[in-house]
Amino acid sequence: MTSALFSPLPLRAIEARNRLWVSPLCQYSCEDQDGVPNDWHLVHLGSFARGGAGLVMAEATAVLPEGRISPWDTGIWDDAQRDAWARIVDFIHGQGALAAIQLAHAGRKASTHREWSGTGTVPAEEGGWPTVAPSAVAFPGYAEPSALDEDGIDAVIEAFAEAARRSLDAGFDVLEVHAAHGYLIHQFLSPVSNQRDDRWGGSLVGRARLLLHVVRRVRAVAGEDVPVLVRVSATDWLEPEGWTLDDTVTIAQWLREAGADLVDTSTGGLVPGAVIPVAPGYQVPHAAAIRERSGIAATAVGQIVDAHQAERIVASGQADAVFVGREFMRDPHFPLRAAHELGVEIGYWPPQYTRASWTSRPTLTADED
Ligand SMILES: Cc1cc2nc3c(=O)[nH]c(=O)nc-3n(C[C@H](O)[C@H](O)[C@H](O)COP(=O)(O)O)c2cc1C
């Protein structure tokens, strides 16, 4: 059968072998708190590449130490981190997938506990740090951040550019700017968290300035050939006072002009307690609206768990590709299974696993090993 999900997607000079992609998934597993990815990250990301994903996105990776969500996050602000990522990228490439990295700064949501070891801000004596944000407005339950000044904002933009350069040196094929889920760039976008009255706040143009500066700098580092994606929260789910889908459609056009290739469409995360109608594919309409109304490519994510569901989303033109998070963690071989369920022949079943393939159904004799 022909499949939209399993058709390749060209992205600038490269191509993803299919449109079933691994969403970034924080692991909070740098036990030495040095931001250096380790064997956990190699096996975590490597198994998705072996499992047939078209693109494997590394988790939210901090561009500065103070940009980590928790002390256990990965980073890309130094060369030791770059070299550790290079080993993981090599393995992903060896399995035929594209390697992507999500560049991130957590802003006022930084310096927190990992979900299995506590809640709220980690105090300085336990390895935490003071946080920064557009305005001195705390995320409920977290420490109050200090408002970034002009020099601080310039340093953040520079850090994204440096992180992009290190990511390319590590061999990553695709760069993503994390502008979603209530982290620093989203804090600048939303009027709920950005109460500045200088050129980095106020109007939509002012609030979007940081994101556009970051994307332009990352594009300059990426050159003509490397795809740049931007993950957005298409709505704060706080209408009318929060960030809205209309705002997202407007900035999607600006993002295109700034050099972004695709909007990775998520929602929420700015404040706790927003009412979100979570259901299978609940963020697909946001991706479809961005794609249709702004003309930029867009992906959908959120409760996409089934081969036929994913196929329908791509085949109907609602998204150019789908990102999948938790279903990949439940089954790292989701694409191999999805291809079987859709009746698609793929050329990248791992040879070591041939005898486990559904399509070949080889018999196992007693003396085989
Ligand atoms: C354990 C875990 C870690 C996550 N880490 C990130 C992250 O680093 N960056 C990000 O943008 N989203 C992150 N997310 C959100 C996912 O990428 C995805 O958007 C969300 O889980 C919805 O998709 P799903 O229903 O397929 O899991 C995370 C989600 C989970 C469950």
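## Contacts to the ligand

Start with Pro24: one of its backbone N or O atoms lies 2.8 Å from an oxygen atom of the ligand. Ala60 does something similar, placing a backbone N or O atom 3.0 Å from a ligand oxygen. With His178 the side chain takes part, and one of its N or O atoms is 3.3 Å from an oxygen atom of the ligand. Taken alone, the ligand would expose 610 Å², and the protein buries 83% of that. Keep in mind that this is a predicted model.

Which residues of the shell come closest? Ser23, Pro24, Gln102, Gln303 and Arg326 are the closest of the 16 residues that surround the ligand. So Pro24 turns up both in that closest group and in a backbone contact, by the cut-off of 3.5 Å for a pair of N or O atoms. By class, the shell has seven nonpolar, seven polar and two charged residues.

## The pocket that holds it

Where does the ligand sit? The space it takes is the largest pocket, which has a volume of about 1300 Å³. The lining of this pocket runs to 44 residues, and those nearest its centre are Pro24, Tyr28, His181, Tyr183 and Arg231. Pro24, then, is a residue to look at from the pocket side as well as from the ligand side.

As for chain elements, strand E4, strand E12 (321–324) and helix H9 (326–330) each supply at least two residues of this lining. H9 gives the most, with four residues. Sorted by class, the lining of the largest pocket splits into 18 nonpolar, 18 polar and eight charged residues.

## A second pocket

The second largest pocket has a volume of about 150 Å³. Its lining is made up of Arg17, Ala49, Arg50, Phe91, Gly94, Gln95, Tyr348, Trp349, Pro350, Pro351, Gln352 and Tyr353. Two helices are worth picking out here: H1 (39–50) and H2 (79–94) each provide at least two of the lining residues.

What is the mix of classes around this second pocket? Seven of the residues are nonpolar, three are polar and two are charged.

## One enclosed cavity

How many cavities of 30 Å³ or more are there? The count comes to one, and the volume of this largest cavity is about 30 Å³. Ala60, Thr61, Ala62, Gly67, Arg68, Ile69, Asp73, Ala104, His105 and Ala106 line it.

Strand E4 (residues 55–62) makes the largest contribution to the cavity lining, at three residues. E4 is also among the elements that supply at least two residues to the lining of the largest pocket. Ala60 has two roles as well: it lines the cavity, and it has a backbone N or O atom 3.0 Å from a ligand oxygen. By class, the cavity lining has five nonpolar, three polar and two charged residues.

## Backbone oddities

Two spots in the backbone deserve a look. A cis peptide bond joins Glu239 and Pro240, with omega at about 10 degrees. Pro240 is in the loop between strand E9 (228–233) and helix H6 (245–258).

The other spot is Arg12, a residue other than glycine with a positive phi, near 50 degrees. You'll find Arg12 in the loop that links strand E1 (9–11) and strand E2 (14–16).

How values were computed: Residues are numbered from 1 along each chain as its sequence is written. This is a predicted model: local features need pLDDT of at least 70, side-chain atom pairs count only at pLDDT 80 or more; totals for chains, interfaces and linings use all residues. Side-chain values use heavy atoms; hydrogens and water are left out. On a 1 Å grid over the protein atoms alone, a cavity is a set of points where a 1.4 Å probe fits but cannot get out, and a pocket is an open set with protein on both sides within 12 Å along at least five of seven lines; lining residues have an atom within 4 Å of a point. Grid points are joined across faces, edges and corners, and a volume is the space filled by probe spheres set on the points. Ala, Val, Leu, Ile, Met, Phe, Trp, Tyr, Cys and Pro count as nonpolar, Asp, Glu, Lys and Arg as charged, and the others, Gly among them, as polar. A residue is near a molecule or strand if one of its heavy atoms lies within 4 Å of it. A polar contact is a pair of N or O atoms within 3.5 Å; within protein, one must be able to donate a hydrogen and the other to accept it, and residues adjacent in sequence count only if both atoms are side-chain atoms. Accessible areas come from the Shrake-Rupley method with a 1.4 Å probe; for residues, only the protein chains shown count as cover. A molecule sits in a cavity or pocket if more than half of its atoms lie within 2 Å of its grid points.
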